[in-house]
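Please open the model in your viewer and keep the selection tool at hand, since the stops below go from a single residue to a strand and then to whole domains.

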Amino acid sequence: MRKTSIAAMIMAAAMVGGACGSSKKAADTTPVTSAPAPETTVAASPETTAVPSPVTTAAASAETTTLSKATPADSAAAAAGPTTVGASGEGPIVIGAAIDLTGNMAPFDGPALVAAQVTIKKINAAGGVLGRQLELKFIDTKLDPAATKAAAVDLITTSKANVLLTTCDVDFATPAIQEGIKAGLLTVAPCIGTDQMGPSRFGAAGKLAFSMGNLAQDEGAVLAEYAIEKGYKTAIVVPDNLLVYFQNVCSAFTKRFEEKGGKVVSKSGFTSFDHSVDNLPTVVTGAGAADVIALCTFPPDITAAVKGIRDAGVKTPIFSPWSGDGTFWIPPGLTDFTYSTFASVFGDDPSADVNALIKAMTDAGKAPGTGGFITGAAAIEAIAAAITKAGSTDGAKLAAEFEKFSGLDTTSGKISFSPDLHTVFGREYRIMTFSNGKAKFQKLMAASSPAKLP
Amino acid sequence: MLVLLAGGLSTVFSQSVQLKFHNAFVITAMVVCVYVSSGNSGVISFGHVSFVAIGAFAAGLFSMKAQQKGAVFNDLFPFIKDNHLGNLATLILAAALGGLYALVVGIALVRLNGLSAGIATFAVLGITRNVLRNWTKVGPGAKSIPGVEETTGLTQALMALILCIVVAYIYQRSAAGRRLRATREDAIAAQGVGIRIYRERLIAFTLSGAMAGFVGAVYVHFLGSVSTDQVYLDLTFLVLAMLVVGGVDSLWGATLGGLSISFINTLLSEGEKGLSLFRQKFTLPTSSSGIILAALMAIVLLTRPKGLANGREFGLRGFRRRDSI
Amino acid sequence: MRYVQYFIDAVALGSLYSLVALGIGLIFGVMRLINLAQGELLMVGGYTLFATNGWSVFVRVPLVLLVIVGLALLMERAFRRLRSAAPATMLVMTFAVSFLLRSIAQKRWSAQGKSMNIFSGLSHAFTVGQLRIRYVTLVSIAVGGVLLLGVNLFLNRTDIGLQMRAVASDRRIAQALGVRTNRVVVTAFALSGVLATAALLLFVPQRPTVTPDFGLQIAIVALIGVVVGGMDRLAPATFGGFSIGFANSMVFSLLPTGQRVFLDSVLYGLVIIVLLLRPQGLFQRERQTTRV
Amino acid sequence: MTERPGSLHATALSRTYAGVRALEGVTITVRRHEVIGLIGPNGAGKSTLVNLLSGFDFPTSGSVMLEGFDITTWSAHRRVRSGLVRTFQHGHAFPGLTARENIEVAALGTGAARGVAARRATELLELMGLADHSNAEAATLPHGDERLLGVARALATMPKFVLLDEPAAGLNEDEISAFADIIKLVRDERNAGILLIEHNVPLVLGVCDRIHVLDQGETLAEGSPTEIRNHPAVADAYLGATAG
C-alpha cells in the first residue's frame, strides 16, 4: 500500500515535472523568437531542436547569448506582451518542421531536413528573404499521430512558425497538415509523391498544402516514356498494394505505356510486409515474356523482389520509381535495374548545384542515401521565392504564388504546380541504371505530361 | 468540476503539452477498455484495438462532410458516402458498432483460452486492418480519413476517461463482473458453482468492445484524422504494455499504467527537445526516448511483476489491498 | 503444372518459417515463455552480417553465431527473474526487450534497410522441366529436418535433454528433485540461439535487407504458426511454422489477382478456424479432459 | 430400478480414456433426502463418476437423468442451475477472494441478487463455523476450513443434489463429527440428496443411508451400511485395507 502510494507520487511528480519543465521551456523559448533586434538572427536553437544539428546554421552562434539573456523577467515580459513580432516583419521568418527522425520515414525526412538547413544557411548568408533571416525549427514526431499533432501545434503556437513542413507520408503527416492549414499556414511536405497533398484530400483548406515530391502520375509517365524510347514494346507491371503512391506510379506507367503504343501483358502485384514478396518470381515468370518489368515498391521488400526475379533467371530490365533509389538495399551484382529519381547520389549528377549540396551534406557527416534529399532544398527555395513574390508570409498569399509556379528554377530543377495539382510535375528526372551492382546516370528526362488516372 | 480541472490544466500548460494530456487520457481510456475484458477474465486480448479502429473509422467517415467524402473516397457504399452525422451521434454509432463487432467476434472466440485466445484475437486485428485498408467500399483504402471535426478537447478527453473508469468500476462491482472475476480466479470452481464462463466472458467482451468503439471515436475527434496504421500493431502493444506494467488485475492498475507510461513518454519526448527540470537542463539524444521507455518498462516488470498497482484497487476510502471481487 | 509451382513456392516459404518456429517452440516448451524477442535475435544477427559484408564466411558464420547465442543468453538473464510470473507479464517483458532492441537498432542504423550478403547464390533456382526450385528451399528442408531431429535426439537421449523435459513438465518438482534449472534453461536459450542463426542464414539469401523490424515480422508469423501447430511439443510447433508459411504462399497464389490484397484476411481467417476447431493445435493429439 | 422424479440417476455409465477403461457400466441413484456414500480404493473410478455426474467430463456411454430430464450432455453450469452441484477434492477455492466472497459469488452464479447472496453467505459461514474467517482470503485458510468453504460454496447455489468429493480430508476428529452433523442438517433441512465420496470409513458408515462401492471402475456392492460392513468382497477390496 505504502509502496504504491510512493510509486504513484513519484509518477505524479514526474508528470508535473515534465509538464512544468516543458512549459518553462516554452517560456524560455519565447524571447528567442521575439528577439527584438532584427540583426539577432537565430536558426536552429537547441531549445526546440535538441537534435544536434549536423550543419551549423547561420546564426546558431547567437543561441548562447539569447539563452543567457532569458531571465525570468524577460520571460514574464515576453509572455505578457504580444509575441507576434515574426508576423510583423521584424524578426526571422520561422519554418517549423514536424517530421520523423526516428521511425520509418526518417530515412526520407532526415536528409531532406539537412538539405533544408544547408539551403537556409545559403539564403541567410545572401541576406535572407525580404531582408529577414530564415529560421528552421524542427520536432521529431516519431510518426506517432498525437505527437505529430502536438509537434505542429508547438511549432505554430510556441515557435510562431510562418510555414510548416511535414513528414513525407501523407497519412502520417495528416495530423500536422491539418493543424497547419487550420492555422492558415502554407504547409509543405518535402517528398510526398501522390496527388493527395492539397484540396483533393483536405477540401478547400487544402489549398494551403503542397508537396515538393514528384507527382506519381508524372513519374509513372516518365518511366513509360523512357521505356518506349528504349524500344520496349511489352511490359509486366508489378505494383505494391501497400501505398497509394506505388499504385499510382504503376497505373500511370500502364496508362502512358499503352498510350504510346506499348502493351502491358500482365498487371499483378503483391503487398509489402504480408510476406507475399517471395511469390513474385512465380508471378513474373508466369506472366510470360516481356521487354520490361515495372516494379513499384520500396525497401525492404524491393530487395527480395528484385533478387527473387533475377535469381529465378529472369533477365528482363526492371524499372522502378524513386522508391528504388539508393545503394543500401541493392543485392550484389544487380544488373539492368533502372529507376527515376530527383538527384544522383553517386557523384555523377549533371547539376553542379546538386553536387555541391551533396558535398555540403557529406561534409556534415550526413551523406544522403537517396536523391530525395533535394526536396528539402527545393521546399526552402520555393518558400523563399513565394515569400519574395507575395511580400508576405500569409499562407493564402503564399499558396496562391505556389499555384502559379510554372517552371520555377530550384536546385531540384524546374518545378510546376497547378490549382489542381499540388505535387510537383514537369521536373526533370535523373534516369539511373544499375549494371553489375554499379549505378550510372543515364539521362535527364521530363515527362511530356502527367498521365491521367481515373 | 471537470471543466474547472481542464480549465486549470489549460492555463498552466502550453497548448502542445495539453495535447499530450489529451492523448494520455484517451489512450488510458483504451487501457481501461481492454482491462474490462482482459483484466476481469484473465484472458489477454490482442484484438481490442480492432474495436478502437472500427469506432474511429465509423466516427471519422460519418463526421466527414458528404461532399468531401464523395470527392476523396468515391468507392464507399452510398449509405456511408451520402450520410453525415453530428459529433454526439458519431460517438453513439461508434460505441454501437464496436459493441456489435465485439459481440460477433466474441461469440466465436471467447471460448478460447490462453495463447489460442491471444492469437485468435490478434488474427481479428489483422483482418480488421486488412479489410479497412483494402475494401474501399467500407473504408478509406490506403489513405487516412482527413478533416474530422476536432471536438475532443481536454474536458471531453478527461470526461471520456472518467466515463470509462466509472463504467468499468460499475461493471466489476456488478454481479456479472464478480462472476467473471471468479472464473479468472479458478475456472473449474466457477463452473462447479454454476457460473457460465462463456456467457460472462461474452458480456465483458461486448461491453469492452462498445467502450473501445466509443474511445475510438473520441480518439478520431481528437486527432482530426486517422489511418489504419495508427490503430494497429504499435497501439496494440502500447496499450497492452500499459495494462501489464500498471497491473492487469485491477482497474487502478490499468489507469495507473496508462497515465504513467503516457506521461513518462511525454517527459522523454519533451526531453529530446530539451527540458529544464529542477533548474537543470536536460537534453536527451534524438530517438532515445523509445530506448529509455522500453528499459523502464522492463525494469518495472522485473521489480514489480504484478505491475505498479500490485493488485491494489480503487476504493472509496483510499486504496485497498483488493476490493471485493 | 502451375499449381505444382505454387506448391513448390509454398513449401519454400514454409520451410523457412519452420526453422524460426522450432526455436520459439523450444523456449516455450522449456520455459512456458512466448518469446516475442526471438525475432530480434535474427535482427541483431542481420546487422552483424551487414557490418561484416565482404568478410570470409568462415569468420562471419561463427561470429554471427556467437553474437546471436550471446544475445540469447542475455535475454535469458533478463527473463530469469520472471520465471514464475504471470504469462501476461512474461509476454510483455519479451515485448519490452523486443521494443528496446528495435529502438536501439532504429537509432543506430535508422529504419532504412541495410543489405546483407551471405550465401547469396543459395536463392538461385534450378529448373526441372518447367518447374523452378530454389536451392535454399532444399537446404532449408534438409537443415530444418536435421535440426528438428537433432533437437529431439538431444531432448530424448542426453542427460541435459531429459532434465530439460523434466523442467518443461513441472519446474518445481524438477527443482525439488535436484535438477539444476538454471543450467537447463540457459542451455535451451543457447540452443534457440543456434536455431535462430540457422534460420537467419537461410532467410538472408531470400530476404537480404535487414531493418529494425526484420525479426519482428518473421517472429510474429512463426509464433502464430507455433500456436496453430500446437506449442506443447516440438514437432507440432515446427510443423505449425511450416504450415503458416505454406498457407501464406499458397493462399496468395490461389487468390484471384484482384483479391490478393486480402491475403492477410484469408490467412488470419484460416488461423481462427483452426484455433476454434483444434484449440490444442493442428498437429497435437487430443488433450485429455482437464482432470478435476 | 426406474428413474423417478426427485432423484439423480445414472444408468450404465462408462468412460474410456485413450483405450483405458476408467468406469464400466456403473448405475447409481441418489434420491432427495438421502445420503449415499461412495467408497472404493484409489483408482476405483470415484472421481471419474463424480466428473460424469457433474458435467466436468462426459461418458463414453450411458446416461445421467436429473428429476426426469436427460442431462447427459449438459454443461456443468447448467446442471448447477438445475440443482446439481459438486465440491472438489483439492478445494479449488477462489484463492484471491475472501471466504465470504467465495460464497457470495457462488450465489451470484446461479442468478441470486446481491442482497440475497450476502444473506446466504452470512448463514452459510455461520453454519460451517467459518464466521470468524469470513474476511480472510481463501488462500490463507487452513486446509480443513478450505474444504468446509467448498461445501458452503456449493450450498450457496441452493442445490437439490450435492456431490461431496472427499470433504473431510484434513479435518480432525472433532471437526469430522461436526461435519457429520452438517451433512445430516443439509439432508434434513434442505431436503437435499447427497453423494459423499470419502475415505474416512467411520464417517461414511455413520452418516450414510446407503453405500455404493466401486472397484476397478465397476460396482462391487451396494447396500445399507450394515450390509456393506458385512460384505466379504468389500472387506477384501477396501475396508480391510484401510479400516484395519
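In this predicted model, begin by selecting Thr206(B) together with Gly99(B), Ala102(B) and Leu103(B), which are the residues in contact with Thr206(B) once its neighbours within four places in sequence are left aside. Widen the selection to residues 197–223 of chain B, and you have helix α11, in which Thr206(B) has its place. Is Thr206(B) buried or exposed? With a relative accessible area of 18%, Thr206(B) counts as buried, because the cut-off for that class is under 20%.

Next, go to chain A and select residues 134–140, strand β2, where 7 of 7 residues are buried. In a regular strand the side chains alternate between the two faces of the sheet. Show the side chains here: Leu134(A), Leu136(A), Phe138(A) and Asp140(A) point one way from β2(A), while Glu135(A), Lys137(A) and Ile139(A) point the other way.

Add residues 93–99 of chain A, strand β1, which pairs with β2(A) in the parallel sense over 7 bridges; within this part of the view, Ala98(A) stands opposite Ile139(A). If you then include helix α4, residues 106–125 of chain A, the selection shows β1(A), α4(A) and β2(A) as a right-handed β-α-β unit.

Finally, colour chain A by domain, with 2–214 and 351–424 as domain 1 and 217–344 and 429–445 as domain 2. Where these domains of chain A meet, 20 residues of domain 1 are in contact with 17 residues of domain 2. The two domains bury about 1,400 Å² between them, 62% of it on carbon and sulfur atoms, and the count of salt bridges between them is 0.

Key:
Residues numbered from 1 in each chain as written. Chains lettered and ligands numbered in written order. Predicted model: local features only at pLDDT ≥ 70, side-chain atom pairs only at ≥ 80, totals over all residues. Heavy atoms only, no water. Helix = DSSP H or I, 4+ residues; strand = E, 2+ residues; numbered from the N terminus. Buried < 20%, exposed > 50% of the residue type's maximum accessible area, 1.4 Å probe, protein only. Contact = heavy atoms within 4.5 Å. Pairing = 2+ DSSP bridges. Right-handed = clockwise from strand over helix to strand, strands pointing away. Domains from an automatic or database assignment. Buried area = accessible area lost by both parts, 1.4 Å probe. Salt bridge = Lys/Arg side-chain N within 4 Å of Asp/Glu carboxyl O.
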